[in-house]
Amino acid sequence: YAIAVFYAVLVVPMVYLGAGLFERLVGGGFEDRSSESYQVYADLEREINVGGADVLALYTATSGTVDDIEAYSAALEAITRIEKDPGVVTTASFYTTNAPQLINQDKTRTFVLIALRGDDGVKAKTMARLRPLLEAPPMTLQLGGVIPVNSAVIETIAGDLKRAEAIAFPITAVLRSVLRSIDPGWAAPP
């Protein structure tokens, strides 16, 4: 009985204290910020707006092609909106470069490359802000790239851990009580 009370007294504050942990977790951590190459990359990003593509926004025409006037205008408006965000380093798209590599052959799909400023945690917050700004009806939007994938993985893991803990703690308490009722000496301290 004392162990069950101790367990209940200990678990409740630990669950309360650990509840906010998932919001503080960030993905990434693959860079060595003290390395010379990272410092050069950071200098380039800061001084001349050179950055890698963190996000790929794939636009698909629901009818017609992505270079029809309505789709073209909607995409340019979306690109202009996100370029105003301070977290965006640069963008590249068929609409701004006319690069044929950024549009498929039948012109039903195109994508925008987006480079973001900051570490992975800052980039994830920027991506959350940009998501609604990237919508460009009548085209559909799908996001890919390192930052959206990291964010999706973190959300999935956090949800899975919460569900696992919600199931495991009560089961452990019940099993412990059942085993103690069968054998009062079970799991007793030495």
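## A tour from strand β1 to the long axis of α7

Begin by selecting A61, which is found in strand β1 of what is, it should be said at once, a predicted model. With a relative accessibility of 13%, A61 counts as buried, and once its neighbours within four places in sequence are left aside, the residues in contact with A61 are V66, T108 and M139. Now add K107 to the selection: A61 and K107 are 46 residues apart along the chain, and their C-alpha atoms are separated by 8.3 Å.

**The whole chain**

Before going further, zoom out and colour by secondary structure, which shows seven helices and four strands in the protein chain. Followed along the sequence, these elements come in the pattern α-α-α-β-α-β-α-β-α-β-α. Of the 190 residues in the protein chain, 27% are buried, and the chain exposes about 12100 Å², of which carbon and sulfur atoms supply 64%. If you draw the contacts between residues at least 6 apart in sequence, 70% of them join residues at least 24 apart.

**The loop between α5 and β3**

Return to K107, which is found in the loop between α5 and β3, and look at its backbone, where phi is positive at about 60° although K107 is not a glycine. As a general matter, most residues other than glycine have a negative phi. The relative accessible area of K107 is 35%, so this residue is partly exposed.

In that loop, between α5 (94-97) and β3 (109-116), select N98 as well. N98 also has a positive phi, near 60°, and is a residue other than glycine. How exposed is N98? Its relative accessibility is 53%, and N98 therefore counts as exposed, the cut-off being over 50%.

**Helix α6 and what surrounds it**

Next select α6, residues 120-133. The 14 residues of this helix should span 20 Å at 1.5 Å a residue, and because its end C-alpha atoms are 20 Å apart, the model agrees with that expectation. Show the side chains of D120, G121, K123, T126, M127 and L130, which are the buried residues of α6; they pack against β1 (55-61), α4 (69-83), β2 (88-92), β3, β4 and α7.

One of these deserves a closer view: T126, in helix α6, has a relative accessible area of 2% and is buried. Which residues does T126 touch, not counting those up to four places away in sequence? They are D85, G87 and L116.

Moving past the end of α6, stop in the loop between α6 and β4 (139-144), where P138 has its place. A cis peptide bond joins P137 and P138, with omega at about 20°, whereas in general most peptide bonds are trans.

**Helix α7 and its two partners**

Now select residues 146-182, which form helix α7 with its 37 residues. From its first C-alpha to its last, α7 reaches 52 Å, close to the 54 Å expected at 1.5 Å a residue. The buried residues of α7 are I147, P148, S151 and A158.

Keep α7 on display and bring back α6, since two packed helices are described by the angle between their axes and the distance between the axes. Helices α6 and α7 pack at an angle of about 95°, with their axes 10 Å apart, which means that α6 is roughly perpendicular to α7. At this contact, D120, K123, A124 and M127 in α6 meet I147, P148, N150 and S151 in α7, and the residues divide into four nonpolar, two polar and two charged.

For the last stop, hide α6 and select helix α1, residues 2-18, whose axis comes within 11 Å of that of α7 and crosses it at roughly 175°. How do α1 and α7 run, roughly parallel or roughly antiparallel? The crossing angle makes α1 roughly antiparallel to α7. Here I3, Y7 and V15 in α1 meet F169, T172, A173, R176 and R180 in α7. The residues of this contact of α1 with α7 comprise five nonpolar, one polar and two charged.

Conventions: Residues are numbered from 1 along each chain as its sequence is written. This is a predicted model: local features need pLDDT of at least 70, side-chain atom pairs count only at pLDDT 80 or more; totals for chains, interfaces and linings use all residues. Side-chain values use heavy atoms; hydrogens and water are left out. Helices (H or I, at least four residues) and strands (E, at least two) are DSSP runs, numbered from the N terminus. The expected span of a helix is 1.5 Å times one less than its number of residues. Buried means under 20% relative accessible area, exposed over 50%, partly exposed in between (1.4 Å probe, protein chains only). Axes are lines fitted to C-alpha atoms, for helices over the stretch in contact, and angles run from 0 to 180 degrees between N-to-C directions. Angles under 35 degrees count as roughly parallel, over 145 as roughly antiparallel, 65 to 115 as roughly perpendicular and the rest as oblique. Contact means heavy atoms within 4.5 Å. Ala, Val, Leu, Ile, Met, Phe, Trp, Tyr, Cys and Pro count as nonpolar, Asp, Glu, Lys and Arg as charged, and the others, Gly among them, as polar. Accessible areas come from the Shrake-Rupley method with a 1.4 Å probe; for residues, only the protein chains shown count as cover.
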